[in-house]
Each structure stands twice: as structure tokens, then as C-alpha cells.
Amino acid sequence: MQRLGHTCPKFPFDNTFARSLNGFYVFCNAAPVVAPKLIQFNKPLADELGLDAAINTSQIGSEIFSGNLIPDGAEPLAQVYAGHQFGHFTSQLGDGRALLLGEVVDAQGHRRDIQLKGSGPTPFSRNGDGRAALGPVLREYLVSECMHALGVPTTRALAAVTTGEMVKRQISLPGAVLTRIAASHIRIGTFQYFSARGKLNKVQELADYSITRHYPHIAGEKNLYLAFFKAVADAQAFLISRWMNIGFIHGVMNTDNMSVSGETIDYGPCAFMDKYSAHTVFSSIDHHGRYAYANQPVMLLWNLARLAETLIPIVDSNEDRAVRWLTEALEEAQSLYSAYWLQGMRAKIGLSTERPSDPRLINDLLALMEECQTDFTLVFRQLPHVLRGDSNKVRDLFAKPTAFDDWLRCWHSRIKHEGIKPEIRAARMDACNPICIPRNHKVEEALSAAVDRNDMKPFTNLLAVLLRPFEEFSDNQTYYVPGPELKDGYQTFCGT
Ligand code: AMP
Ligand code: MG
């Protein structure tokens with residue numbers, strides 16, 4: 001499509017989803033916006049995706065990443081899905097405010113979706129306006145890029161555009177569009193959509209497509225769909241273990257927000273924990289703590305069980321047998337999760353070997369952190385300073401320093417057998433314990449400057465720090481510490 005006299009940039013689109021999965025989407029156009037303005041652009045990611053350098057100019061970028069100008073080769077479509085939302089099944093969801101432009105193969109040979117979020121109504125919008133507000137768009141940009149820098153599988157943010165239009169939420173807010181990059185947008189809920197309608201051939205088609213796209217290594221497996229379930233379970237178990245290792249709380253782990261590729265997707269009311277409390281919930285709508293920090297591994301398995309249900313008929317024609325195999329695979333997923341979690345926690349406290357007593361050592365530290373309400377991120381970051389001769393940095397974080405001394409003695413006796421030089425162990429610990437996470441007060445400061453004052457500077461500064469989360473710079477100290485404690489705790493909102 002050509003508009004506004006621009007030469008349309010070429011994206012190297014190759015749209016397998018549109019081509020292979022008839023009935024899984026509807027073609028749909030973006031609704032044009034009045035005054036698009038590119039406010040954030042991820043050049044390194046655009047290069048990785050092999051996108052035309054012409055989009056780097058703010059005028060063309062504004063038009064493309066708002067949906068006003070559709071690049072050649074794009075086939076915009078809204079995908080269907082269903083999903084369990086806070087435990088309740090909705091059989092008809094789908095992209096209500098997002099459009100898949102198409103797929104490109106990146107520099108590493110990985111196929112990636114390019115999706116606009118906030119690009120106007122689709123047939124799946126229900127009562128929604130199809131739009132997104134600037135605050136949530138910037139939150140997703142910031143947190144997803146930070147997760148990538150932290151080494152956590154995630155969708156990425158390519159661009160953010162303000163629309164020049166207001167969106168009505170509880171109050172009127174500036175509208176924006178996020179361009180999101182994902183390994184795919186296939187969700188557990190996509191399987192549920194067809195399963196709920198008894199369309200087993202569609203479930204199988206989707207499984208075949210997902211295997212080709214995400215898990216080609218299982219192609220020769222005897223029971224292909226059981227192997228598929230195990231592969232998804234493995235990827236999601238790894239993902240949630242990484243969330244737990246860094247204190248990330250997704251906030252809305254509904255089955256429509258769980259990607260079969262194992263990437264973090266659909267950043268809504270997400271936030272990082274400051275002081276350690278297993279029951280931390282930030283989302284204003286999560287009244288019963290369904291998606292509280294410590295409940296995330298439980299919900300991982302609950303969600304995987306919903307995926308398993310959709311696969312029963314294609315795993316085996318004997319239902320009892322299929323259920324038995326899938327149940328065993330689900331139990332394996334629980335063990336896998338525990339193993340990934342333990343592997344991550346061992347690295348965090350600097351262990352290179354494995355001992356049966358390690359879970360106890362780790363859990364004792366967590367219990368003490370919970371009792372003393374210490375900052376989750378800082379404890380692990382300051383612990384290596386003990387090896388550099390300064391124990392006070394970490395000790396001072398504990399309201400019960402002598403109890404921490406006891407733990408430290410156990411830790412010393414555990415590590416002394418490994419024969420690793422203190423400075424080497426300390427450097428390894430620094431490499432897996434971030435000094436910087438998106439501190440809630442800093443995120444709020446950046447978003448309100450952008451939304452209320454049209455000032456992107458705090459956002460840009462925060463993003464720059466978050467992109468190097470393991471490196472400590474003396475100038476950045478204010479980014480590293482938690483903000484003042486709020487009387488009623490910190491609350492996040494879906495922003496839809
Ligand atoms: P989310 O809570 O963002 O995961 O969205 C849940 C469902 O609601 C998805 O099907 C979205 O497409 C849809 N949705 C969320 N916000 C809007 C909106 N503003 N307009 C239309 N649909 C929306
Ligand atoms: Mg969603």
C-alpha cells in the first residue's frame with residue numbers, strides 16, 4: 001500500500017502463518033491515526049531483523065509503526081484465540097487491538113513476528129476500542145527490553161509511536177502503538193480456541209505448525225504431539241524459573257498470555273519485587289493473589305494442564321492412555337521447573353557444583369530475606385562483596401545481621417570445597433545478579449514524564465541503564481535502590 005507519497009520501504013516478509021493456517025485469523029486493516037509520531041525506535045533490533053534502513057527516518061517510521069502506512073509484503077491480520085482468564089474460560093478472544101503485519105527471518109535465521117499493538121479495532125475487539133495508552137506501551141517497551149538484556153526469553157519492542165489521539169480509559173490518556181517482535185504469537189489459548197469447538201484437525205494443524213516453527217528437533221519423535229507438549233513444558237518451565245530468579249511478577253498469567261514458544265509475552269501489570277515477600281502481588285485486579293510471585297510456578301503447571309487437555313485426542317486414540325502420558329509429562333515439567341530454578345539459584349549464590357544440601361542453603365537465605373524484608377535484587381548483588389573482603393554491604397541489608405552471619409558461615413563452608421578463586425567467583429556472581437532492575441518508582445517517573453509532560457528524557461535515561469543491567473556505574477546509583485515505600489503498596493494496572 002502506498003500512502004502520503006512515500007516510497008514504501010521493503011520488509012523481507014515471508015508470512016507462513018497467513019499462508020498455512022487458514023481459519024486461524026481474519027485479515028484486517030489498521031485504523032489510521034491523525035498525527036503519528038515515532039518516539040522510540042530500536043535500531044539494533046531493526047538491523048537484526050534486516051529491515052529497510054529507510055524506516056529509521058522519523059517520518060516514515062511514524063507512518064509505518066502507527067499502521068498508517070503498510071509496508072510492501074505485509075498481510076495484516078488479527079489472530080483468534082480463547083483463554084482462561086483468572087481461571088474462567090472465555091471461548092472467544094483474539095487480537096482485539098493488535099495486528100500481525102507478517103514474519104521475517106532474522107540474522108540468526110530465526111523467524112520473528114512483527115506485530116502492531118494498539119492499531120485499532122478488529123473483529124475480535126468485543127467492546128474495546130482497539131487502542132493502547134502511552135503509559136502501558138512504554139512500560140512494555142521498557143520491561144521487555146530489560147528482560148532481554150537480563151537474558152530472559154521475551155518478545156521485544158521495535159518501536160513506539162504516539163497517535164496524536166486520546167484514548168478513553170478511567171480518564172482520557174494519550175494513545176500510542178507498540179511494535180512488538182515475537183518468536184510467534186501462538187498461545188495456549190490458540191489451542192483452546194479450536195479444542196473448545198471440537199476441531200481436532202485444527203488443533204493438529206496448529207501443533208504441526210508450532211513444531212515446525214519452534215521445535216523442529218522433535219520432528220522424528222514416535223509420539224510427536226506428546227513430544228510437542230514436553231517441549232512446550234520445558235520451555236515454559238525454564239521461563240518461569242528465570243522470572244523467579246530475578247523477582248519478576250508477570251501479573252496476568254492467563255492461558256491467552258502464555259506463548260508456546262516459551263517467551264514472556266503480554267506485559268500488562270507486570271513489575272519487579274523490591275523487598276522479598278513470596279506473596280507479592282502488584283496487579284490491582286489480582287484480588288486473590290492467583291498470580292502472586294510464589295504462585296507463578298503453580299500457575300505454570302495449571303496452564304500447561306490446560307494445554308495438555310487440548311492435545312489428548314491427538315496424543316493417542318485411547319483417551320486413558322493419552323491422559324496418563326500427558327499427566328506423567330506434567331509431573332516431569334514440575335521436576336524440570338525445580339531443576340531450572342535450583343540451577344539459577346545456585347549460580348546466584350556462586351555455586352559451581354551440586355550438593356543435596358543446596359536447596360536448604362538457598363531456602364534458608366530466602367526465609368531470612370522474607371523475615372527481614374530485604375531487597376531481593378540487592379542481597380544477591382551485594383553477596384559477592386563478601387568475597388572481596390566487604391561483608392557489610394550485604395549484612396547491612398538484614399534487620400537481623402547476626403542471623404545473616406550464621407547463614408554466611410554455612411555459605412563459606414559450602415563454597416570453600418570448590419577451589420575457585422574468590423575474585424573469579426565474585427565476577428561470576430556479578431554476571432548473573434543484576435545491579436539494575438526496573439525499579440517501580442523509576443518506571444513510574446519515566447512514564448509520567450512522558451504521559452503528563454511529553455518528556456521522554458527520563459524514559460530514555462532509564463532504558464539506557466536497564467540495557468546494561470549487570471554493569472555498575474557510579475553515576476547510576478539512584479537507579480539501583482528501591483523507592484520510598486508506599487503506604488498501600490505499589491499497584492499496577494492492566495492499562496487496557
Ligand atoms: P490482555 O489483558 O491485554 O491480555 O487482553 C485480553 C483480551 O482483551 C485480548 O483478546 C485483547 O485483544 C483484548 N483487549 C484488550 N484491550 C483491548 C482494547 N483496548 N480493545 C480491544 N480489545 C482489547
Ligand atoms: Mg493478552
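In the predicted model, 22 aromatic pairs are found. One of them joins Phe404 and Trp407, whose ring centres lie 6.0 Å apart with an angle of 20 degrees between the planes, so the pair is classed as stacked; the cut-off for this class is under 30 degrees. Both partners belong to helix H14 (residues 401-415), where a spacing of three residues places Phe404 and Trp407 about one helical turn from each other. In general, an α-helix has 3.6 residues a turn, so residues three or four places apart point the same way. Phe404 and Trp407 are both buried. Elsewhere, an aromatic cluster is formed by Phe17, Tyr25, Phe27 and Tyr209.

Tyr209, a member of this cluster, is also one of the buried residues of helix H6. The other buried positions in H6 are Lys202, Val203, Leu206, Ala207, Ser210, Ile211, Arg213 and His214. Helix H6 comprises 15 residues (200-214), for which a rise of 1.5 Å a residue gives an expected span of 21 Å; the C-alpha atoms at its two ends are 21 Å apart, in agreement with that expectation.

The surroundings of ligand 1 were examined next. The ligand is surrounded by 17 residues, of which Gly94, Gly96, Asp129, Gly130 and Asn257 come nearest. By class, this shell consists of two nonpolar, eight polar and seven charged residues. Polar contacts to the ligand involve both backbone and side-chain atoms of the protein. A polar backbone atom of Gly94 lies 2.6 Å from an oxygen atom of ligand 1. A nitrogen atom of the ligand is found 3.0 Å from a side-chain N or O atom of Asp129, and a polar atom in the side chain of Arg97 is 3.2 Å from a nitrogen atom of ligand 1. On its own, ligand 1 has an accessible area of 480 Å², of which the protein covers 85%.

Asn257, one of the residues that come nearest to ligand 1, is located in the loop between strand E11 (248-249) and strand E12 (271-272). With a relative accessible area of 9%, Asn257 is buried, the limit for this class being under 20%. The side chain of Asn257 also has a polar atom 3.0 Å from the backbone oxygen of Val252. Asn257 thus combines a place among the residues nearest to the ligand with a polar contact within the protein.

Technical notes:
Residues are numbered from 1 along each chain as its sequence is written. Chains are lettered from A and ligands numbered from 1 in the order in which they are written. This is a predicted model: local features need pLDDT of at least 70, side-chain atom pairs count only at pLDDT 80 or more; totals for chains, interfaces and linings use all residues. Side-chain values use heavy atoms; hydrogens and water are left out. A residue is near a molecule or strand if one of its heavy atoms lies within 4 Å of it. A polar contact is a pair of N or O atoms within 3.5 Å; within protein, one must be able to donate a hydrogen and the other to accept it, and residues adjacent in sequence count only if both atoms are side-chain atoms. Accessible areas come from the Shrake-Rupley method with a 1.4 Å probe; for residues, only the protein chains shown count as cover. Ala, Val, Leu, Ile, Met, Phe, Trp, Tyr, Cys and Pro count as nonpolar, Asp, Glu, Lys and Arg as charged, and the others, Gly among them, as polar. Helices (H or I, at least four residues) and strands (E, at least two) are DSSP runs, numbered from the N terminus. The expected span of a helix is 1.5 Å times one less than its number of residues. Buried means under 20% relative accessible area, exposed over 50%, partly exposed in between (1.4 Å probe, protein chains only). Rings of Phe, Tyr and Trp (its six-membered ring) pair if their centres lie within 6.5 Å; planes under 30 degrees apart count as stacked, over 60 as edge-to-face and the rest as tilted.
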